[in-house]
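Thank you all for making time for this. I would like to take you slowly through one structure, looking at its empty spaces and at its charged pairs.

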Amino acid sequence: MDERQLRILRELGELGSVTAVAEALRVTPSAISQQLRLLQRSIPVPLTERTGRRVSLTDAGQALAAAAIGVESALAWARRAVTDFVEQPDGEVAVAAFHSAASVFWPMLLRSLTGPGGPRVAFGDEDVTQQRFPALTRDYDLVLAHRLDHAPPWPRTVVATTLLHEPLDVALPTGHPLACKPQLSPEDVADEPWITVREGFPLMAIIEAIASVAHRRLHIAHRINDFTVSAEVVAAGGGIGLMPRWTGRPHPGVVLRPLSGVQASRHIDVLHRPERIARKAVQTVFVELRRAAAVIQGQGRVP
């Protein structure tokens, strides 16, 4: 077995098909199949099995795929000792983030990393559902992702570090009758028209929890994923919504009020593959992200 074969097995465990692995690694499906056959010849027990249209790993395959993570990490650290690329402090670091995190973290990164000799940061905005964030670590060194408190943990294929545990507040237009209350309950807000994200995105779970506690279905008036746009619609009287307390941009026509009775907060985590953090430039950006998070929380807007 070799490093490439182990990488293919690891990706197959995550993606579930030879075609998907071939697309991810930018090779042909026949090349992937050939490498899997070569790997299987060196292992005395089956590594894969077909489940419907998907190819899944057997217990032995999962054990080997888990070991492949350690192999890739070890090789990455070995290359660190012998290549100038890894020690290069001004290397390029690819960073992905969802929109609201990007709007506050990216300007702070740019300001803190300005100057000669620092990493060259390449940003990419990725507005995806929670389960798709780990896959972004194939193309980015660091990925800022969000996860609700009760959501499943990130898979073990990535390393996750929490930057912020951010409250999500009810956003109301200024002058709304509920704005005079210091805290709102699900019953207070259940009869209002709502502005929410699209189905499949994490905040919908809080909307469903509000409806469950209030014992009635909420009226969804608009579905908008961008908080900046949502704030404009709230301010114009189009409904109420949920807004992040620290990473949302303040709007003069919107007030935030804490929500009681349900868990209304999210984790903002930075995800990466274990081997990526071996690079000095990535380590530098990672440290700056944690510093930025401390500043954001320290300057957080309290309703």
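I will begin with the pocket, go on to the cavities, and finish with the salt bridges. Please keep in mind throughout that what you see is a predicted model.

Let me start with the general idea, which is that rolling a probe the size of a water molecule over the atoms shows where empty space is left. In this model, the largest pocket holds about 420 Å³ of space. Of the 20 residues that line the largest pocket, those closest to its centre are Arg7, Glu72, Arg79, Glu275 and Arg276. If you want to find the pocket along the chain, look at helix 1 (3–15), helix 2 (18–25), helix 4 (59–82) and helix 5 (84–87), which are the elements that give two or more residues to its lining. Helix 1 gives the most to that lining, with four residues. What classes of residue make up the lining of the largest pocket? There are 13 charged residues and seven nonpolar ones, and no polar residue appears there.

Now to the cavities, of which the structure holds two of 30 Å³ or more. The largest cavity has about 130 Å³ of space, and the residues that line it include Phe98, His99, Asp127, His146, Phe227 and Arg266. By class, the lining of the largest cavity divides into six nonpolar, four polar and two charged residues.

The second largest cavity has a volume of about 80 Å³. Among the residues lining this second cavity are Ile195, Thr196, Ile207, Ser230, Leu242 and Met243. Strand 7 (193–196), helix 9 (227–235) and strand 9 each supply at least two residues of the lining, and strand 9 gives the most, with three. The lining of the second largest cavity has eight nonpolar and three polar residues, but no charged ones.

That brings me to the charged pairs, and here again a general point helps: side chains of opposite charge can pair when their charged atoms come close. How many salt bridges does the structure hold? There are 17 of them, and I will pick out three.

In one of these, Arg273 forms a salt bridge with Glu11, and the closest N and O atoms of the pair are 3.1 Å apart. Arg273 lies in the loop between strand 11 (265–272) and helix 10 (280–298), whereas Glu11 lies in helix 1, so this pair ties together parts that are 262 residues apart in sequence. Arg273 and Glu11 are both buried. They also belong to a network of salt bridges that links Arg7, Glu11, Glu14, Arg138 and Arg273.

In another, the side chains of Arg245 and Asp169 meet at 2.8 Å, N to O. This pair, too, links distant parts of the chain, with Arg245 in the loop between strand 9 (240–244) and strand 10 (254–257), and Asp169 in strand 6 (residues 159–173), 76 residues apart. Arg245 and Asp169 are both buried.

The last example joins Glu288 and Arg291, whose side chains meet in a salt bridge of 2.8 Å, N to O. Here the two partners are three residues apart in helix 10, so they are separated by about one helical turn. Are Glu288 and Arg291 buried or exposed? Glu288 counts as buried because its relative accessibility is 14%, under the 20% cut-off, while Arg291, with a relative accessible area of 52%, is exposed.

Note on methods. Residues are numbered from 1 along each chain as its sequence is written. This is a predicted model: local features need pLDDT of at least 70, side-chain atom pairs count only at pLDDT 80 or more; totals for chains, interfaces and linings use all residues. Side-chain values use heavy atoms; hydrogens and water are left out. On a 1 Å grid over the protein atoms alone, a cavity is a set of points where a 1.4 Å probe fits but cannot get out, and a pocket is an open set with protein on both sides within 12 Å along at least five of seven lines; lining residues have an atom within 4 Å of a point. Grid points are joined across faces, edges and corners, and a volume is the space filled by probe spheres set on the points. Ala, Val, Leu, Ile, Met, Phe, Trp, Tyr, Cys and Pro count as nonpolar, Asp, Glu, Lys and Arg as charged, and the others, Gly among them, as polar. A salt bridge is a side-chain nitrogen of Lys or Arg within 4 Å of a carboxyl oxygen of Asp or Glu. Buried means under 20% relative accessible area, exposed over 50%, partly exposed in between (1.4 Å probe, protein chains only).
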